[in-house]
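Reader: Please take one turn of this chain and look at it closely. Then work outward to the parts around it and beyond.

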Amino acid sequence: MKWNQFRLKTTTEAEDIVSSMLMDLGIQGVQIEDRIPLTQEDKEQMFVDILPDIPEDDGTAYLTFYLGEEEDAGAILGQVRKELEQMKGYVDVGACIVEESQTEDVDWVNNWKQYFHQFTIDDILVIPSWEEVEEKDSGRLVIHIDPGTAFGTGMHETTQLCIRQLRKYVEPDTQILDVGCGSGILGMLALKFGAAYSVGTDLDPCAIDATHENMEANGIGREQYEVMIGNIIDDSRIQEQVGYGRYDIVAANILADVLVPLTPVILPHLKPGGIYITSGIIEEKEAAVVEAVEAAGLAVLEINHQGEWVSVTARKSREK
């Protein structure tokens, strides 16, 4: 199916009210592009490797929306322009230029299949569900991961840094907590390395479904791996649900700006002598994370680099 795409140029001041007007007219799924700087709260909600590099705000915003071929685009655009004209009396709506184009209806998630193929991390084979393990790889440790709506296929340097540290420190009775679990790859690999139990937390509800689907593909039951939604930094409900003094390893492959406030909060969840594995740190932020780790009373064991990324591994004191 083809869609008619419309890109409306307005102002950041008016983007919310214009977006609301479009939805009132029955237009769903409005995409907003602007250069408004991220707030600290925004940054703390983004459990990703690196924040987007946003140019300086110029006050301009673009709202993109789509209409099906069967819809009367001319009539709807007429309504939009009428509403925008009325808004000019109380808000700066800007140029209100509308660019029109056509786009195909694309299955974006499944479209990943043409770009994602099996690959190795040392002796680990990461393979999507639509590919087969070749005979030459039969001796490798295999994990099935499908790219989708949650972060973490293992291709990124930050994830690989974490994987190697997990392999080094996981023991048969290990219980692991993965903060910002995404696809669940770290918790699942910890189990494949011999850990007894994994728990994952994430802010994105998509992480629950993605992890459960990947668990099923790898024959991992929910009695082995529990996933929950919430921000462990400031959500006491999640902190209680995760449990205190329970984990031999806590892994956090997230932003340095999140690791700094996370580190003192995560300390009570580690057992005495527990290992804290962090990644997602750009080289410029290494010192800040090391400082936060040491300020929390953890002893830095290793600092590893891959590309421009850093992983810091530390140990909690064995004293209770």
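Author: **From one loop to the sheet**

Asp122 sits in the loop between β5 (119-121) and β6 (124-127). Helices (H or I, at least four residues) and strands (E, at least two) are DSSP runs, numbered from the N terminus. The model is predicted: local features need pLDDT of at least 70, side-chain atom pairs count only at pLDDT 80 or more, and totals for chains, interfaces and linings use all residues. Residues are numbered from 1 along each chain as its sequence is written, and side-chain values use heavy atoms, with hydrogens and water left out.

Back to the loop. Phi of Asp122 is near 60 degrees, a positive value in a residue other than glycine. Most residues other than glycine have a negative phi. Asp122 counts as partly exposed because its relative accessibility is 49%. The cut-offs are these: buried means under 20% relative accessible area, exposed over 50%, partly exposed in between (1.4 Å probe, protein chains only).

Cys96 also has a positive phi, about 55 degrees, and is not a glycine. Its loop lies between α3 and β4 (98-104). Cys96 counts as buried, because its relative accessibility is 16%.

Now α3 itself. Helix α1 (residues 15-24) packs with helix α3 (residues 73-87) at about 145 degrees, axes 11 Å apart. Axes are lines fitted to C-alpha atoms, for helices over the stretch in contact, and angles run from 0 to 180 degrees between N-to-C directions. Ile17, Val18, Met21 and Leu22 of α1 meet Val80, Glu83, Leu84 and Met87 of α3. Contact means heavy atoms within 4.5 Å. The residues of this contact divide into 7 nonpolar, no polar and 1 charged. Here Ala, Val, Leu, Ile, Met, Phe, Trp, Tyr, Cys and Pro count as nonpolar, Asp, Glu, Lys and Arg as charged, and the others, Gly among them, as polar.

Next, the sheet. It is open, with 7 strands in the order β10-β9-β8-β11-β12-β14-β13 and mixed pairing. Two strands pair if DSSP finds at least two bridges between them. β10 (225-229) and β13 (299-306) stand at the edges with a single partner strand each, so one side of each has no neighbour in the sheet. Direction ignored, neighbouring strands are turned by 15 degrees against each other on average.

Inside the sheet, β8 (residues 175-179) and β11 (residues 247-253) pair in the parallel sense over 4 bridges. Asp178 stands opposite Ala251 in β11. Helix α6 (residues 185-192) packs on the sheet and touches β8, β9 (197-202), β10 and β11. The direction of α6 makes about 175 degrees with that of β9. Helix α9 (residues 256-266) lies across β8, β11 and β12 (270-282), at about 175 degrees to β12.

Helix α5 (residues 157-169) holds Gln165. Gln165 counts as buried because its relative accessibility is 3%. Leaving out residues up to four places away in sequence, Gln165 touches Ile277, Glu302, Asn304, Ser311 and Thr313.

Arg318 lies in the segment after β14 (309-315). With 61% relative accessibility, Arg318 counts as exposed. Its contacts, neighbours within four places in sequence left aside, are Pro272 and Gly273. The C-alpha atoms of Arg318 and Gly273 are separated by 4.2 Å, though the two residues are 45 residues apart along the chain.

Last, the whole protein. It has 10 helices and 14 strands. Of its 320 residues, 48% count as buried.
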